Amino acid sequence: DKAIVVAVDGPSGSGKSSVSKGVARRLGLRYLDTGAQYRAMTWWMLRNGVDLADREAVAAACPKPVIVSGTDPDEPSITVDGTDVAAGIRTAEVTGAVSAVAGVQAVRDRLIELQRQIIAAALAQSAGVVAEGRDIADVVCPQADSKIFLTASPTARAARRSAELGAVVAGGSAGTLADLARRDAEDAKTTRPHEAAPGAIVVDATHLTLDQVIERVVELVETAR
Ligand code: C5P
């Protein structure tokens, strides 16, 4: 069996992380969460008082943090300068700031390079990888063996995100729906969160359970193999 790369792209709240981890476990592949790296970069910028509205300052600072991603789907880890930030990158503060940081080209260039290195290192050890993000199939790894575009209706995405946050919001998930829409709109300036890359297969998770989505993606990967 040749070591394969599976690209999973899609908008916020589509369930990319749970699906990608599940597929990696099922197929015995490594797992790369590129969103976590943009979050780690943002965590470091906030921590170091970089003015995120100043794109030049963000570009100048972005080579500094040492970001290390573990690729075990059972225990995805991420450190910045040796500090474990797995929880720290999931705060509302980081989520609210990450699109601005991800919109700076120097940040993208640095993280895309890191992502390609991680994928190449896995392949060099004959291990396949499921890589998830917004631009994996079209930018990071156009030679991926399988390309999946995971989507879901805005309501389904907001409901999923609320459940993840354990949020009990009066009036349902409207707050989260607006948050997701705002982040998607900001992300759309740099990546195409709502558009499948050429050659990508669209999987709509709106009416499927997590297990059903994993099953569908596993089938698609095995057919492409
Ligand atoms: O997937 P997640 O919600 O953790 O991603 C956080 C943010 O990182 C996104 O909203 C986007 O701004 C950025 N991102 C990106 N390119 C990727 C992955 C994430 O710009 N490949």
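Colleague: Which pocket is the space taken by the ligand?

Modeller: The ligand takes the space of the largest pocket. A molecule sits in a pocket if more than half of its atoms lie within 2 Å of the pocket's grid points. This is a predicted model, where local features need pLDDT of at least 70, side-chain atom pairs count only at pLDDT 80 or more, and totals for chains, interfaces and linings use all residues. Residues are numbered from 1 along each chain as its sequence is written, and side-chain values use heavy atoms, with hydrogens and water left out.

Colleague: What makes the pair between the ligand and aspartate 187 a polar contact?

Modeller: A polar contact is a pair of N or O atoms within 3.5 Å; within protein, one must be able to donate a hydrogen and the other to accept it, and residues adjacent in sequence count only if both atoms are side-chain atoms. A ligand oxygen is 2.6 Å from an N or O atom in the side chain of aspartate 187, so the pair counts. Likewise, a ligand oxygen is 2.8 Å from an N or O atom in the side chain of arginine 108, and a ligand nitrogen is 3.1 Å from a polar backbone atom of arginine 134.

Colleague: How do you know how much of the ligand the protein buries?

Modeller: Accessible areas come from the Shrake-Rupley method with a 1.4 Å probe; for residues, only the protein chains shown count as cover. Alone, the ligand exposes 460 Å², and the protein buries 97% of that.

Colleague: Which residues come nearest to the ligand?

Modeller: Arg39, Arg108, Asp135, Arg183 and Asp187 do, of the 15 residues around the ligand; near means a heavy atom within 4 Å.

Notes. 1 Å grid on protein atoms, 1.4 Å probe; cavity = no way out; pocket = protein on both sides within 12 Å on 5 of 7 lines; lining within 4 Å.
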